[in-house]
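I opened this notebook to keep a record of what I looked up, one topic at a time. The entries follow the order in which I turned to each part.

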Amino acid sequence: MNVELTASLSPAVFVPAPSAFDLDVAFGITVAIKVAFILALFLVVPLVVGYMEHKAMGRLQHRRGPVAAGPFGTLQLVADGIKFIQKEDVIPAAADRKVFALAPGLALVPAILVFLVLPFGPGVWAVDLELGLFYALAISSVSVLGVMMGGWASANKFSLIGGLRAGAQLIAYELPLILAAIAVAVQAGTLSLVGIVEAQATFTLPGTDLNLWFVFPQILGFVIFFLASLAELSRPPFDMPIADSELVFGYMTEYTGIKFAMYLLTEYAGMVSMSALMVVLYLGGWQLLPGVGLPGCEGAGGMFDCGWLGAIGGVVITLAKILILTFIMVWARVAYPRLREDQLQRLSWLVLVPLSLINLAVIAIAKVVVF
Amino acid sequence: MGVMDQVELPKPVRYVFNWGRKFSLWCFNFGLACCAIEFIAASTSRHDFIRLGVIPFAHGPRQADLLVVSGTLTDKMAPAVKRLYEEMPEPKYVISFGSCANCGGPYWDSYSVTKGVDQVIPVDVYVPGCPPRPEALLDGIITLQHMIQHESLPDRIAGRRQDAVTLGADAPLTLEGR
Amino acid sequence: MAATSPPGVGLLKGLGVTIKHLFKRPSTQMYPNERPDLPPRTRGVIALLEENCTVCMLCARECPDWCIYIDSHKETVPPAKEGGRARTRNMLDRFAIDFSLCMYCGICVEVCPFDALWWSPEFEYAEYDMDKLLHEKEKLREWADTVPPPPPLDEGALPVPEVAAAIDKVVKERELEEAKAEQAARDAELAQAAPAAAPAAAAAKAEEIHVEAGQIDQETFDALIAQGKSERMARAKAKAAYVKKEKARILAEQEAAAAAAPAAPKAEEIHVEAGQIDQETFDALIAEGKSERMARAKAKAAWVKKEKARIRAEQEAAAPAAEVAPAEVAPAEAAAVEAPPAAPAAEAAPARKLSDVHVEGSGEIDQETFDALIAEGKSERIARAKAKAAWIKKRKQEQLDAEGDA
């Protein structure tokens, strides 16, 4: 990244913003607390999102969604989890047993690791990396390796085609995704996710005092990022890798029980982490509204050093934004039919990539000339 | 799986585990005839069996817990049903939906129709009707859930192994190393 | 439209359609908690009203799936009334429907001539075991209690034949009552205009005197109203009282007339004290080896007969002018004589019952009964049958009266 650009906004030497979990205790305990925090987020938020998907999909389709399991069906995904534990673990005779067993884990672990750098509130993050954005995008791309391994190892033609489709889709959509994210990084002048949130809190429209999130100057980038992340996650209408009318269940065809649950969890965790990235990159992180910081906060734009109450408020705001974004994903799933494979590729290479390049160019020029 | 079908769990744990299976019946619809339309009606917004935890998202048999055979099973199709059933992981449940699936129904003297799905695979709940109402399927599902809540998994698996022999399978339906 | 609208509008429309449903009330029926609103003719399950079943086996034979199982045996039922014939009846032992096989075509319900099979909307009978889907008559009877009443007909639809017949009947009755009221009014006028015209009957007995029940007996009517009876009932009773009085009056007139002209007493009307025995008959029977008691009884009867014949001969000789009356009654008498008096007839004549008398009816009907029944709205066939019965009954009564007199 351009040295002059970064130097103008943040110190040349990156100083990680301190996490609220960096307590004055032994290193091991700090790590344990952070791991517990990440795992708790990883296990709870996707369940909430899954429940929301069930209910929202139900209501959008004029029905109720689950009601029997737990009050209002809240424990539906818990019941699913309990069931998956008990299911028989079937391994096809022709499968590559080791790879077959390894694949869901390989898909799942990156989904957990993304949560490491995601800031959920003032001080509520595990670690603030200088290359946070780069790390998040890179790690989330690793998941597809697990998908392709699973598709290959299943010794099933549907699985194989599903895995290959997932790979092709990833390559096609990683490009617009990263190009859109780069534009944000250019505007913020940093790759640290916390830094980007901070940059949004302090960014004002040139010539005025109007505080703006990056979604306003980069609405095009936001749309591209959203579509590309849908495709990355194989969410409908971009769910060709698991197209049930063509490929049974794609790369998951042969997976049962807990391994299947891991793939499923990967999908929901991916929804959460991608939505969290969008919140951080475009929607001002834990800012309630543009220019409105959390109460009782000091620091840049009233975004940091908020105490326990402010931290909790920030987490709530972030999670609410994540839920709204995942709701839009569900909404699109309900409203649209699946694209064809060639339409998918054409959309990426002929529409999204050029548009994201234009977006990047415009932002880069604006960054030098206007901002 | 593994240990779970060998060891009887303590009662509270068993309750929770049974509860999980009860409300997470990923459903695979083996639609063969007109009864399949009623099954589809049961999954649509008016009846919406996702309310009961019957989730019709199981694209394939590997993810399914519940096989609903709805319609006339012909002798030609019977091997497919059997294969599909064997592809499902234990613990798995079968609902026979409609007269044809129960025992041949109107085709009781046909040369080509299997006289009931239970000639081929073990059935847990029989839903009568020709075709049954969607509510009748919901009633069948509730009946099945009642059974699941009060069953013992090791007993069930042991019974399954015996059934597999009596039903004339090529080999017992073993759980590992198929 | 798609050609003219800018790209992406269709996509937004799609989102709009789905989001609209988010704010609507879902159309889901919460089935286990909420009963589905089933149409009244839902084919849920076939119920058996066992009381109506006559084991005619039509349903079992018509069933395309052969899923109805019926077992029965025959029982002999004692005759309903004395002297009748013992009947055999089919008793239902088992009535089972195999609902795993049933194809719910409803042919059995259609074909049942006695309305023993019904559609019930019950559908909740899924079972763990297929054998349990074979439901016996006890269970089928329970379902019969869940059969809903038939739904109301559509606006302007033709009524059900049975219902239409009932309505017709009510309408006829009402018309009849109106007609009667009119008739009564007219009769009252006539009676005032020509009170002497009424008594014109010629028959000798009260039953045969026909009195038009047009007027009411004011005295009775007042008394009944005073007692607090309803007007309708009082009117009816007063009418009956009027008829009775009128008959009595006419009878008295006729008797007076008969007293003027010497009446020819019939055989039945000749009273002979059965005190003696016919020695000749008695001796003959004793000689035949009969017991003394029987011989005495028969001899007594023979004496009574002879005595009657003697008295009649005397009377006929005395009043040849009165021969017309007995001649009229002759055919009936001849029929009556066919039934010979039993052994203790001399003592037990009044104890004879109506059913003991044999009257050969040959198609004659009692016109009065017939008219009354037709007026009530009965079918002609029924009216004719009842009128015939009434005629026979009357003849019998006549005979009985005659014997009693004898």
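The entries below cover aromatic rings, charges over rings, cavities, strands and one helix residue.

**Entry 1, aromatic pairs.** I began by noting that this is a predicted model, and then searched the whole structure for ring pairs, which gave 22 aromatic pairs over all chains. I took up the pair of Y31(C) and F123(C), whose ring centres are 5.8 Å apart and whose planes stand at 45 degrees, so I entered the pair as tilted. The cut-offs behind that word are under 30 degrees for stacked and over 60 for edge-to-face. Which parts of chain C does this pair tie together? I found Y31(C) in the loop between α1 (9-22) and β1 (45-48), and F123(C) in the loop between β4 (117-120) and β5 (134-135), so the pair links parts that are 92 residues apart in sequence. I then asked whether Y31(C) counts as buried or exposed. Y31(C) has 3% relative accessibility and counts as buried, and F123(C), with a relative accessible area of 3%, is buried too.

**Entry 2, a cluster and two charges.** In chain C I also noted one aromatic cluster, formed by F99(C), Y104(C), W119(C), Y125(C) and W143(C). For W143(C) I made a further note, since K139(C) lies over the face of its ring, at 5.1 Å from the ring centre. In chain B I recorded K92(B) over the face of Y85(B), where the distance from the ring centre is 4.2 Å.

**Entry 3, cavities.** How many cavities of 30 Å³ or more are there? My count came to five, and the largest cavity has a volume of about 330 Å³. Its lining consists of 20 residues, of which S140(A), S143(A), E232(A), L233(A) and T266(A) are the closest to the centre. I then looked for the elements behind the lining, and found that α4 (97-114), α5 (132-153), α6 (157-188), α8 (219-232) and α10 (257-282) of chain A each supply at least two residues. The largest share, six residues, comes from α10(A). By class, I entered 11 nonpolar, seven polar and two charged residues for the lining of this cavity.

**Entry 4, strands of chain C.** I followed β2 (residues 68-77) of chain C and found that this strand pairs with β3 (residues 87-98) of chain C in the antiparallel sense, over 10 bridges. Within that pairing, Y69(C) has A96(C) in β3(C) as its bridge partner. I also found β3(C) paired with β5(C), again in the antiparallel sense, over two bridges, and here the bridge partner of I97(C) is H135(C) in β5(C).

**Entry 5, the sheet of chain B.** In chain B I recorded an open sheet of five strands with parallel pairing, in the order β2-β1-β3-β4-β5. Which strands stand at the edges? They are β2 (54-55) and β5 (125-127), each with a single partner strand, so one side of each is left without a neighbour in the sheet. At the β2(B) edge, two bridges join that strand to β1 (residues 25-31) of chain B, and the two run parallel. One of the partners I noted there is I55(B) in β2(B), which bridges to W26(B).

**Entry 6, a helix residue.** Lastly I looked up K394(C), which I placed in helix α13 (residues 380-405) of chain C. K394(C) is partly exposed, with a relative accessible area of 26%. I also compared its position with that of D366(C), 28 residues apart along the chain, and found the C-alpha atoms separated by 8.7 Å.

Terms used:
Residues numbered from 1 in each chain as written. Chains lettered and ligands numbered in written order. Predicted model: local features only at pLDDT ≥ 70, side-chain atom pairs only at ≥ 80, totals over all residues. Heavy atoms only, no water. Phe/Tyr/Trp six-rings, centres within 6.5 Å; stacked < 30°, edge-to-face > 60°. Buried < 20%, exposed > 50% of the residue type's maximum accessible area, 1.4 Å probe, protein only. Lys NZ or Arg CZ within 6 Å of the ring centre and 35° of its normal. 1 Å grid on protein atoms, 1.4 Å probe; cavity = no way out; pocket = protein on both sides within 12 Å on 5 of 7 lines; lining within 4 Å. Points joined across faces, edges and corners; volume = space filled by probe spheres on them. Nonpolar A, V, L, I, M, F, W, Y, C, P; charged D, E, K, R; others polar. Pairing = 2+ DSSP bridges.
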